[in-house]
Amino acid sequence: MAVTQNFQTLRMDYLSISSALSFYRKPAQLKGTLAELKPPLVSLQDETPLKPIVPKTTSKQRPFTVTYLINSCGLSLESAISVSDKVQFQSPERPDSVLTLLRNYGFSKTQISNLIRKRPMLLLSHPENTLLPKLEFFQSIGLSSNELARTLSSDPTLLTRSLENQIMPTYDFLKSVLLSDEKIVAALKRTTWVFLEDPSKNLMPNVTYLRESGVPQSCVSLLLTHFPEAVMEKHEPFVETVREVKEMGFDPKKSTFVLAVHALSGKGNKSIWERCYEVYKRWGWSNDDILSAFRKHPHSMMLSEKKIMKSMGYFVNEMGWASRAIAECPVVLFFSLEKRIIPRCSVFQVLLSKGLIKEGFSLTTVLLPVEKRFLERFVMRYQEEVPELLSVYQGKVKLEGL
């Protein structure tokens, strides 16, 4: 009986489906050949690809941390999302107190954004117990509010270091070498790494080696104050550099010795040295010329190729001076072409063309004196003979007009 009922049910379902299909087919209305009934072919190349629908994220849908980073720290949405992978919080209380402290110490909106982008975990630091003592310390040794904000926003890693275990011990060592807070601040502004690295690792051994090599306190202080990165080089390469400088004939008791150490320290500086060497060779300098210039002014081997080419081009091609004469006084390569070299040489050319001076004047006589002395000797002295001379010096009158 049950089997019969199931069969009847299946039969009724089948009839219902067949009826529905026959209704949609309507075979009596179909005409034409099978080919005529084929649907038209559609080229996929003609269709515009559908863009995925990306729902817009509203501020209500964003995590609290991302919204806070955008509204309170000035980060872009992209930066805020990236930073939120490193720090998460659900309450603004602690971050607000950190931002308030930074603003009170003169940090601008941009500086705060940079600081948070680089070290987002600082938002969760305890402002009074962790951050404030470090800010107070650096101000106590002479960093102004502007210098403090600029230095720490550039590299906020310093705020993550322990005041008692890292910052203070490093300060004590630097003070024993540099003797003044002013010089310590100068070294810090040059590179924050002078406070970040354990001084016993490279700094102390390198300072000791300089002293053992006969370098006086004043020169050690000069190098550490202005070029601390050189003294922080790994000890073995640093020792090799000092020995190399000695072999080049530098006197350890003179400041040029430590300047040469700086010029040859690290792969970057050595690469610059080699590039300068090739540029000077192109201007006809011999090996002895280059080493002579290096001994007189070590940083002549740290100039950019563009600076060397422009200055040498003017001296040799415009002034007609011998290329090798520049090696005798390499300091002139550091002067500004527009502000010092061209104005003074223009005056020199006018006086020479009018027979008021002889060609025997050296390069150093024209370019080395301070401005007041130069004006007295070469401009004011010939004011009656050449009234336009001051205008020539100031660039208001061209040489062709005289």
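The paragraphs below go from the whole chain to its core, and then to some helices and single residues.

This is a predicted model. The protein has 402 residues, of which 41% are buried. Its secondary structure consists of 23 helices and zero strands. Contacts often link distant parts of the sequence: of those between residues at least 6 apart, 70% join residues at least 24 apart. The protein exposes about 23,600 Å², and 54% of this comes from carbon and sulfur atoms.

In soluble globular proteins, nonpolar side chains tend to be buried together. In this model, the largest nonpolar core contains 114 residues. The residues with the most contacts inside that core are Phe138, Phe195, Tyr280, Trp285, Phe294, Phe315 and Leu367. Trp285 serves as an example. Apart from neighbours within four places in sequence, Trp285 is in contact with Tyr280, itself on that list of core residues. Its other partners include Ile290 and Ala293, as well as Met312, Ser323, Arg324, Ile326, Ala327 and Leu333.

Two of these partners, Ile290 and Ala293, belong to helix H17, which spans residues 287–296. The buried residues of H17 are Asp289, Ile290, Ser292, Ala293 and Phe294. Among the elements that cover them are H15, helix H16 (266–282) and helix H19 (323–328).

Helix H15 (255–264) also packs against the buried residues of helix H12. Helix H12 runs from residue 217 to residue 226, and its buried residues are Cys219, Val220, Ser221, Leu223, Leu224 and Thr225. Besides H15, these residues pack against helix H8 (163–178), helix H9 (181–190), helix H11 (203–212) and helix H13 (228–231).

Phe227 lies in the loop between H12 and H13. Is Phe227 buried or exposed? Its relative accessibility is 13%, so Phe227 counts as buried, the cut-off being under 20%. Leaving out residues up to four places away in sequence, Phe227 touches Arg190, Leu222, Leu259, His262 and His299. The C-alpha atoms of Phe227 and Val261 are separated by 9.9 Å, and the two residues are 34 apart along the chain.

Val261 appears again among the contacts of Thr241, a residue of helix H14 (residues 235–247). Thr241 has a relative accessible area of 1% and is therefore buried. With residues up to four places away in sequence not counted, Thr241 touches Glu233, Val261, Leu264, Ser265 and Lys270.

Note on methods: Residues numbered from 1 in each chain as written. Predicted model: local features only at pLDDT ≥ 70, side-chain atom pairs only at ≥ 80, totals over all residues. Heavy atoms only, no water. Buried < 20%, exposed > 50% of the residue type's maximum accessible area, 1.4 Å probe, protein only. Helix = DSSP H or I, 4+ residues; strand = E, 2+ residues; numbered from the N terminus. Contact = heavy atoms within 4.5 Å. Areas by Shrake-Rupley, 256 points an atom, 1.4 Å probe, with all protein chains shown as cover. Core = buried A, V, L, I, M, F, W, Y, C linked by side-chain atoms within 4.5 Å.
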